[in-house]
Amino acid sequence: CDLAERLAALVKPLGGPTPPTAMTFYALVAACEKAGEHERLLGWFQEMLRAKIEPDALRYGMALKACEMLGRWQAGLALMVSMRDRGMVMDPLLWKRLFLLLGREARGVEAVALVGEMEERGSKLEPICYEATVTALSRMGDKIQAVKQLVAVSYTHLTLPTICSV
């Protein structure tokens, strides 16, 4: 990550100083991800957005993983909503990762709201997203809401271990 930042600082485009290119930002984010520098990764991701360079789905995935590693569910949720609102193709694996983060952090209210919003938009969620929502409700201590959510979701979305864990 340090080396990538030093190399990026040395890059001088012909014709004078200009902001870094998309590929420079992509390389910086990837280098920080590989080095496990989650804070720096999120910093470069934000710099990329400020420079009005649209991250690709892979960079969004790296940023979401950094949010997960740092326990920043709010930032992860904001990233995914931003990605969706920008009209990017929604990778089911990224949504799964976000819902697992919400479940682990006991963010049931947010998970339920996101499930409802995604279903209203016609998005097809993976079964694990519903399972993580029930887990989040259960972990936040709202067993009644967890059971209501479990009943509200078609039994085809859930696996037996989730039903038994509630």
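Modeller: Before we start, a working definition for this predicted model: a residue is called buried when its relative accessible area is under 20%.

Biologist: Thanks! With that in hand, is R84 buried or exposed?

Modeller: Let's place R84 before judging it: the residue belongs to helix 5. Its relative accessible area is 10%. The cut-off for buried is under 20%, so R84 counts as buried.

Biologist: Which side chain does R84 join in a polar contact?

Modeller: Happy to trace that one. R84 is in contact with L114, while its polar contact is made with another side chain, at 2.5 Å. That partner is E117.

Biologist: Let's turn to the rings. How many aromatic pairs does the structure hold, and which residues form the tilted one?

Modeller: The structure holds 2 aromatic pairs. In the tilted one, the centres lie 6.2 Å apart and the planes make an angle of 55°. The residues are F25 and W44.

Biologist: How many residues apart in sequence are the parts that the F25 and W44 pair ties together?

Modeller: F25 sits in helix 2 (residues 22-35), and W44 sits in helix 3 (residues 38-50). The pair therefore ties together parts of the chain whose separation in sequence is 19 residues.

Biologist: And which of F25 and W44 is partly exposed?

Modeller: F25 has a relative accessibility of 2%, so F25 counts as buried. W44 has a relative accessible area of 22%, and partly exposed covers the range between 20% and 50%. The partly exposed residue is W44.

Biologist: What is the geometry of the F45 and Y60 pair?

Modeller: F45 belongs to helix 3 and Y60 to helix 4 (residues 57-70), 15 residues apart, so this pair also links distant parts of the chain. F45 is buried at 0% relative accessible area, and Y60 is buried at 1%. The ring centres are 5.2 Å apart with 75° between the planes, and angles over 60 degrees carry this name: edge-to-face.

Biologist: Over which ring does the charged end of R59 sit?

Modeller: The ring belongs to one of the buried residues of helix 2, a list that also includes F25. The charged end of R59 is 4.4 Å from the ring centre. The ring is that of Y26.

Biologist: Which residues have the most contacts inside the largest nonpolar core?

Modeller: That core has 36 residues. Helices 2, 3, 4, 5, 6, 7 and 8 each supply at least two of its residues. Those with the most contacts inside the core are L41, L98, F99 and L114.

Biologist: How far apart are the end C-alpha atoms of helix 2, and what span should its residues give?

Modeller: Helix 2 has 14 residues, and at 1.5 Å a residue they should span 20 Å. The end C-alpha atoms agree with this, so both values come to 20 Å.

Biologist: Which residue takes a positive phi just after helix 2, and which follows helix 8 with a positive phi?

Modeller: Just after helix 2 comes a glycine with a phi of about 75°, G36. Helix 8 is followed by a glycine whose phi is near 95°. The two names are G36 and G141.

Biologist: One last stop: which residues does E68 touch, leaving out those up to four places away in sequence?

Modeller: E68 is in helix 4 and is buried, with a relative accessible area of 19%. Its C-alpha atom is 9.4 Å from that of H38, which is 30 residues away along the chain. The residues touched by E68 are R97, L101 and R104.

How values were computed
Residues are numbered from 1 along each chain as its sequence is written. This is a predicted model: local features need pLDDT of at least 70, side-chain atom pairs count only at pLDDT 80 or more; totals for chains, interfaces and linings use all residues. Side-chain values use heavy atoms; hydrogens and water are left out. Rings of Phe, Tyr and Trp (its six-membered ring) pair if their centres lie within 6.5 Å; planes under 30 degrees apart count as stacked, over 60 as edge-to-face and the rest as tilted. Helices (H or I, at least four residues) and strands (E, at least two) are DSSP runs, numbered from the N terminus. Buried means under 20% relative accessible area, exposed over 50%, partly exposed in between (1.4 Å probe, protein chains only). A charge sits over a ring if NZ of Lys or CZ of Arg is within 6 Å of the ring centre and within 35 degrees of the ring normal. A nonpolar core is a set of buried Ala, Val, Leu, Ile, Met, Phe, Trp, Tyr and Cys residues joined through side-chain atoms within 4.5 Å. Contact means heavy atoms within 4.5 Å. A polar contact is a pair of N or O atoms within 3.5 Å; within protein, one must be able to donate a hydrogen and the other to accept it, and residues adjacent in sequence count only if both atoms are side-chain atoms. The expected span of a helix is 1.5 Å times one less than its number of residues.
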